[in-house]
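Let's go through this protein together, one question at a time. Keep the sequence and the 3D view open while you read.

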Amino acid sequence: MTVAQSLRLSAKAATAADIAPAIVNQTQPAATATEAVIEIYAAAVNPSDVKAALGSMPQAVWPRTPGRDFAGRVIAGPEDWVGQDVWGTGGDLGVTRDGTHARYLVLPVSALSRKPKSVSVAAAATVGVPFITANEGLRRAGLKGEGQTLIVFGSNGKVGQAAVQLATRAGAQVIGVERGSSQYRGHASSAVTAFDAQDPDLVQKLLDATGGRGADIAYNTVGSPYFETALATLAIGGTQILISTIERNVSFDILAFYRRNLQMLGVDSLKLSVTQCAQVLNQLLPGFDDGSLKAFEVDESSLIPLSGAADAYRKVLSGSMDRVVLAP
């Protein structure tokens with residue numbers, strides 16, 4: 001039997017400095033009739049992976065192997081899947097079941113999704129959490145495309161870029177907001193106007209950019225710092241999507257909120273299983289095949305062996321804009 005390695009967390013870490021996943025030997029597992037074994041070639045480190053290591057996920061099971069996103073190859077399972085390159089993610093991976101920061105991963109066959117041939121292995125491992133989160137928010141907020149306007153707060157972040165890609169691909173007009181920058185730095189299917197979040201006239205400029213109407217959807221990837229601005233720049237009947245926050249409590253004008261028929265929508269991609277995420281990736285696959293959607297580039301310096309996992313986790317927690325990927 002082939003022996004490889006995986007990361008193992010025995011309990012939550014008290015602080016970021018204490019994150020020190022053990023490296024343990026991992027024997028190639030066997031697959032049941034309804035399972036497949038995947039050899040992991042690349043696995044991204046997401047902020048949620050680090051937060052899970054710090055005990056922020058109350059549903060977490062210990063001990064466990066962390067990690068949500070992956071790209072690899074099926075090496076055991078149904079004959080028609082063996083040898084296929086796959087990618088994926090899941091809110092249960094690395095939280096309630098062993099995750100992707102390992103050489104081998106066992107999944108239900110229903111959780112398999114073909115990796116697009118045009119996307120490198122390392123880049124494919126970065127797609128899961130950002131695109132699943134962005135897609136779930138836009139789906140629930142009623143993204144249709146042409147005729148709609150979106151403002152993406154934190155547009156240069158990974159979920160922000162994924163939201164811009166999905167919305168412009170659908171035909172919507174997209175406006176970006178980013179702290180310290182008035183330039184959108186990601187891929188898009190149409191031009192994206194961007195504004196610096198520190199501009200004192202930001203609200204008025206956003207309203208002007210929407211013809212005074214406001215946005216149908218405000219995708220707030222940061223939370224409290226943009227909360228008030230997002231509400232102020234929504235059109236009547238508009239929706240603010242929230243996926244994270246810095247401050248837990250915010251105040252707002254309830255009277256104005258209901259008189260403008262506004263909505264708030266919370267999205268936690270941890271609620272989506274690896275099988276549900278595979279279904280979403282299958283729906284997005286044509287976009288990656290035709291180039292209207294693009295994975296994130298991974299610099300060679302951000303490809304890290306399992307032995308460097310602790311430093312990789314701390315790098316992500318520090319807010320690094322690079323996509324950090326483990327290469328088991």
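Q: In which helix does P286 lie?
A: A quick note before we start: this is a predicted model, where local features need pLDDT of at least 70, side-chain atom pairs count only at pLDDT 80 or more, and totals for chains, interfaces and linings use all residues. Residues are numbered from 1 along each chain as its sequence is written, and side-chain values use heavy atoms, with hydrogens and water left out. Helices (H or I, at least four residues) and strands (E, at least two) are DSSP runs, numbered from the N terminus. On that numbering, P286 sits in helix α8.

Q: Is P286 buried, partly exposed or exposed?
A: Buried means under 20% relative accessible area, exposed over 50%, and partly exposed in between (1.4 Å probe, protein chains only). P286 has a relative accessible area of 42%, so the word for P286 is partly exposed.

Q: Which residues touch the most other members of the largest nonpolar core?
A: A nonpolar core is a set of buried Ala, Val, Leu, Ile, Met, Phe, Trp, Tyr and Cys residues joined through side-chain atoms within 4.5 Å. The largest one here has 42 residues. Elements that each supply at least two of its residues include β3 (35-44), α3 (128-141) and α8 (274-290). The members touching the most others are F131, L138, I241 and F288.

Q: Which residues does L138 touch, not counting residues up to four places away in sequence?
A: Contact means heavy atoms within 4.5 Å. With those sequence neighbours left out, the list for L138 is L143, L150, A163, L166, A167, I217, Y219 and I241.

Q: Why are the buried residues of helix α9 on the same side?
A: The buried residues of α9 (residues 309-317) are A309, A310, A312, Y313 and V316. The arc is that of the directions from the helix axis to the C-beta atoms. These residues end up on the same side of α9 because they cover an arc of only 160°.

Q: Which residue in helix α9 meets D311 in a salt bridge?
A: A salt bridge is a side-chain nitrogen of Lys or Arg within 4 Å of a carboxyl oxygen of Asp or Glu. D311 is exposed, at 53% relative accessible area. Its partner also lies in α9, three residues apart, about one turn of the helix. With 3.3 Å from N to O, that partner is R314.

Q: How many residues apart in sequence are the parts that D98 and R8 tie together?
A: The side chains of D98 and R8 meet in a salt bridge at 2.8 Å, N to O. D98 lies in the loop between β5 (85-88) and β6 (104-108) and R8 in strand β1 (residues 3-8), so the parts they tie together are apart in sequence by 90 residues.

Q: Is E39, which forms a salt bridge with R103, buried or exposed?
A: The closest N and O atoms of E39 and R103 are 2.7 Å apart. R103 counts as partly exposed, at 26% relative accessibility. E39 has a relative accessible area of 15%, so E39 is buried.

Q: Which helix gives the largest share of the nonpolar patch on the surface?
A: The patch is formed by V250, F252, I254, L255, Y258 and M264. V250 belongs to the loop between β11 (234-242) and α7. The largest share, three residues, comes from helix α7.

Note on methods. Patches are made of residues with over 30% relative accessible area and no salt bridge: like charges are joined within 9 Å, nonpolar side chains (Val, Leu, Ile, Met, Phe, Trp, Tyr) within 5 Å. Accessible areas come from the Shrake-Rupley method with a 1.4 Å probe; for residues, only the protein chains shown count as cover.
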